[in-house]
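User: I'd like to talk through this model with you. Could you start with the terms you will be using?

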Amino acid sequence: MYAIETRNLTKKYKNTVAVDNLNLTIHKGELFSLLGVNGAGKTTTIKMLSCVLSPTSGDAVLLDDSIVSNPHAVKEKINISPQETAVARNLSVRENLELIAGIYGKDKKAAHDKANTMIDLFGLTEVAKNKAKTLSGGMQRRLSIAMALISEPKVLFLDEPTLGLDVLARRELWTAIKELKGKITIILTTHYMEEAEALSDRIGIMAKGKLKAVGTAAELITQTNAKSFEDAFVILAAGTEETI
Amino acid sequence: MKTMIFASRNQKELLRDPLNLAFALGFPLVVLLLLSALGANIPATIFPITTLAPGMAVFGLSFISLFSGMLIAKDRSTSFIVRLMASPLTAMGFICGYIVPLIPLAVGQSIICLAASVFLGLELSVNILLVLVVLLPAALLFIGIGLLVGTLLNDKQVGGVCGALLTNLSAWLSGTWFDLNLVGGAFKTIAYLLPFAHAVDAGKAALAGDYASIVPHLLWVIGYAVVILAIAILVFRAKMKNATL
């Protein structure tokens with residue numbers, strides 16, 4: 001059973017094709033990583049799948065609902081942690097969590113209880129009353145992901161969740177993400193090869209708006225006869241031929 | 001319900017910013033006190049409190065544009081708006097969530113300004129309540145300008161346009177600092193083509209109990225408020241649809 005199925009999903013701007021006839025299936029409970037250099041189309045894909053951006057043509061079905069004909073139903077089932085840290089700066093950690101829970105329809109008590117759960121789960125207890133703007137970059141990212149999870153999404157989009165974090169903060173977030181594996185479907189974009197390799201069930205490599213290859217890290221290494229996953233990525237991302 | 005939750009967040013963001021409070025409440029009050037003190041030491045009545053009170057209330061409202069513009073521009077620059085756009089919050093929910101919390105802030109600011117004017121000699125009368133009502137379209141106008149500018153520009157540009165240009169425009173062209181009839185000519189014509197002098201004159205008429213004079217001035221302000229708000233909403237919706245917020 002698929003959580004996501006895209007059908008010739010395309011986004012064109014005036015002189016650019018940001019995403020070109022993307023056909024992709026992602027299974028329920030899978031952690032799928034989208035890799036690509038800057039401008040490959042990863043973030044545009046995420047924005048279309050999360051109903052932030054309308055496709056120029058094509059469609060995608062998320063858990064039986066179309067992003068084109070029924071985006072409101074899709075939005076009820078998903079959540080996103082955007083590329084940059086997206087927190088309300090003058091609200092406390094708890095208020096940020098309760099805000100998102102409320103926007104996704106939780107009543108006051110349910111929002112409070114869910115915020116407690118997220119604060120425990122993401123180790124935010126000591127900073128729960130602190131304003132978000134006073135947190136370190138790593139803690140803000142943690143809060144950002146907790147905000148994305150508080151609505152209990154069936155599909156979670158993580159757009160470069162560890163960008164700009166130090167090694168320790170990155171490893172802490174990896175641990176948190178690994179604990180979610182199998183429970184919900186996660187689509188993650190990243191520039192870090194080791195991150196994709198360590199976390200993903202499968203990896204899709206995009207270049208110039210096209211999906212060049214899909215498989216496990218081991219499958220992609222075998223497919224390209226590369227020595228490492230990074231080498232495989234370079235071959236696939238730089239290649240001009242269709243490799244799928 | 002979702003809109004009110006979002007509106008509550010926006011209100012907290014605005015009220016917890018000390019710079020907002022300093023400019024929204026402190027600055028117009030300081031100017032009011034300074035001009036009153038200056039007027040008291042000059043034989044001629046160039047700054048009567050009946051002009052200063054509504055004038056400073058309108059001048060204070062111009063900072064509402066700065067706050068609303070900055071809030072929206074910062075949400076855009078931090079991707080917080082992307083998170084909200086992926087949520088079940090509708091476009092109108094967004095817009096109302098940004099507009100609604102600014103209305104009590106604007107009314108509160110006007111109350112403080114008029115209360116301070118009472119301490120400076122303004123006669124306490126029921127007409128002061130009418131001034132608050134008459135200033136509401138001006139408040140909506142400034143909120144609309146903030147929504148429009150915050151949707152189109154980044155936070156630094158909003159600071160320039162709303163913090164410097166708009167506050168100066170609304171101050172100099174409102175007839176608060178000097179009688180527009182004394183300047184006359186093109187300056188007066190331009191001032192009365194814009195809504196700021198009309199907003200102050202409507203407030204002055206309300207304060208004086210000259211009810212018949214309120215409506216013509218208020219229609220100018222309402223007209224500007226409706227047009228600016230409509231443009232702001234259309235631009236916001238268009239940019240939201242294209243994900244270019």
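Analyst: Two residues are in contact if their C-beta atoms, placed from the backbone, lie within 7 Å. Please keep in mind that this is a predicted model.

User: OK, then what do the buried residues of α2(B) pack against?

Analyst: They pack against three helices of chain B, namely α1 (2-15), α3 (49-77) and α6 (102-119). The buried residues in α2(B) are B:N20, B:A24, B:P28, B:L32, B:L35 and B:S36.

User: Why would buried positions recur at such spacings in a helix?

Analyst: An α-helix has 3.6 residues a turn, so residues three or four places apart point the same way.

User: And where does α2(B) bend?

Analyst: The bend, of about 35°, is at B:G26, and the proline B:P28 follows within four residues. The end C-alpha atoms of this helix, residues 18-40 of chain B, are 31 Å apart, which agrees with the 33 Å that its 23 residues should span at 1.5 Å a residue.

User: Switching to the interface, how many residues does each chain put in?

Analyst: Chain A contributes 24 residues to the contact and chain B contributes 19 residues. On the chain A side, α2 (71-77), β6 (78-81) and α3 (93-103) each supply at least two residues, and the residues of that side comprise 13 nonpolar, seven polar and four charged.

User: What about the fold of chain A overall, what secondary structure does it have?

Analyst: Chain A has nine helices and 10 strands. Its radius of gyration is 18 Å, close to the 18 Å that the globule rule gives for 244 residues, so chain A is as compact as a globular protein of that length. Of those 244 residues, 48% count as buried.

Terms used:
Residues numbered from 1 in each chain as written. Chains lettered and ligands numbered in written order. Predicted model: local features only at pLDDT ≥ 70, side-chain atom pairs only at ≥ 80, totals over all residues. Rg over C-alpha atoms; globule rule 2.2 N^0.38 Å. Buried ≥ 20, exposed ≤ 12 C-beta atoms within 10 Å, placed from the backbone. Nonpolar A, V, L, I, M, F, W, Y, C, P; charged D, E, K, R; others polar. Expected span 1.5 Å × (residues − 1). Bend = angle between axes of the 7 residues up to and from the residue.
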